[in-house]
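Subject: Structure handover

Hello,

Here is the structure you were expecting. My notes on what was found in it follow below.

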Amino acid sequence: MIIAGAGGHAIEVLDSIKPLVGDLFPVFFSELVEGNSKLASTFTLVHSEEKILEHLKIDDKFFLGVGNPNLRERFLLTFENLGGKYQPVRDKTCSVSSSSQGEFDAMAFAFVGPDTVIEKGVLVNARASIHHESRIGEYSEIGPGAILLGNVQIGKKCRIGAGAIILPGITLGDEVVVGAGAVVTKDVPDKEVVAGVPAKSLKK
C-alpha cells in the first residue's frame, strides 16, 4: 500500500491505519526527491509514476497523506488513473454515524453525525465535529477541532481552519477559506477568505 504524501499528516495517517496494516510497512509518495529524511530512514519513498505503478501492482490500495485540498484532489485522481483504490482513513477513536454517507478520512476523535453527506476525498481532521444533516463537498479539509453545527453546507475544496465554528444552517461556496478560530454566522460565497469573530471577508 502507498500513503500519498510524506509530511506530518502522512505520519498521522500511518498512526491511524496501524490497526489495519499491522506490521506491514507502507510506501510513501513524495513529489520532492530530497528531504523527508526522517521517513526516508525508515520507509521507502517513491517519487515517480513509474515507481507508483510498480507498488500498485503488488498492492493497489492507497491512502491520502496530505491535507491541502488541491493536493488531495491531484493525488487521488493520479493514483486512481494508475489503477489504485482509495482507502478512506477511519481512526479507531473516531465516531462516524451509520447513517452518514461518503468516502472520506476521519482522523483521531473526529465526530460525524447522522444523515450527513461527505463527498469523496474530504479530510475530517482530529477532534473536528460535523453535526447532523450537513453536506461537505469533495476534497474539503475540516481542520483540527473545527465544529460544523447542524445542516451546514460546505462546497468543494474548502479549508476550514483549526477551531473554527460554523453555525447551523450556514452555506459556504466552493474553495472558501475560513481562518482558525473564526465563527461563521453568515453564508459565504465562492473563493472568499473569512476570519474573525464574527467572521468577515479579508478582501480589501
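Buried area here means the accessible area, taken with a 1.4 Å probe, that two parts lose on being put together, summed over both. By that definition, domain 1 and domain 2 bury about 1,500 Å² between them, and carbon and sulfur atoms carry 56% of it. Please keep in mind that this is a predicted model.

Domains

Domain 1 covers residues 2-86 and domain 2 covers 89-194. Their centres, taken over C-alpha atoms, are separated by 24 Å. The contact draws 19 residues from domain 1 and 18 residues from domain 2. On the domain 1 side, Ser16, Pro69 and Tyr86 lose the most area to domain 2, and together they account for 37% of what that side buries.

Polar links between the domains

Three salt bridges are counted between domain 1 and domain 2, and eight residue pairs are in polar contact there, with both residues at pLDDT 80 or more. Helix H1 (8-21), strand E4 (61-64) and helix H4 (69-81) are the elements that each give two or more residues to the side of domain 1 that touches domain 2. H4 gives the most, with seven residues. By type, the residues of that side are ten nonpolar, five polar and four charged.

Salt bridges

A search of the whole structure finds eight salt bridges. Three of the pairs are described here, with their burial.

Lys51 and Glu54 form a salt bridge with the closest N and O atoms 3.8 Å apart. Both lie in helix H3 (residues 49-58), three residues apart, about one turn of the helix. Lys51 is partly exposed at a relative accessible area of 38%, and Glu54 is also partly exposed, at 38%.

Asp59 and Lys61 meet through their side chains at 3.1 Å, N to O. Asp59 counts as buried because its relative accessibility is 18% and the cut-off for buried is under 20%. Lys61, at 31%, is partly exposed.

Arg72 forms a salt bridge with Asp105, the closest N and O atoms being 3.0 Å apart. This pair links distant parts of the chain: Arg72 is in helix H4 and Asp105 is in strand E7 (residues 104-106), 33 residues apart. Are these two residues buried or exposed? Arg72 is buried, at 0% relative accessibility, and Asp105 is buried as well, at 0%.

Regards

Notes:
Residues numbered from 1 in each chain as written. Predicted model: local features only at pLDDT ≥ 70, side-chain atom pairs only at ≥ 80, totals over all residues. Heavy atoms only, no water. Domains from an automatic or database assignment. Contact = heavy atoms within 4.5 Å. Salt bridge = Lys/Arg side-chain N within 4 Å of Asp/Glu carboxyl O. Polar contact = N/O pair within 3.5 Å; in protein donor to acceptor, adjacent residues only side chain to side chain. Helix = DSSP H or I, 4+ residues; strand = E, 2+ residues; numbered from the N terminus. Nonpolar A, V, L, I, M, F, W, Y, C, P; charged D, E, K, R; others polar. Buried < 20%, exposed > 50% of the residue type's maximum accessible area, 1.4 Å probe, protein only.
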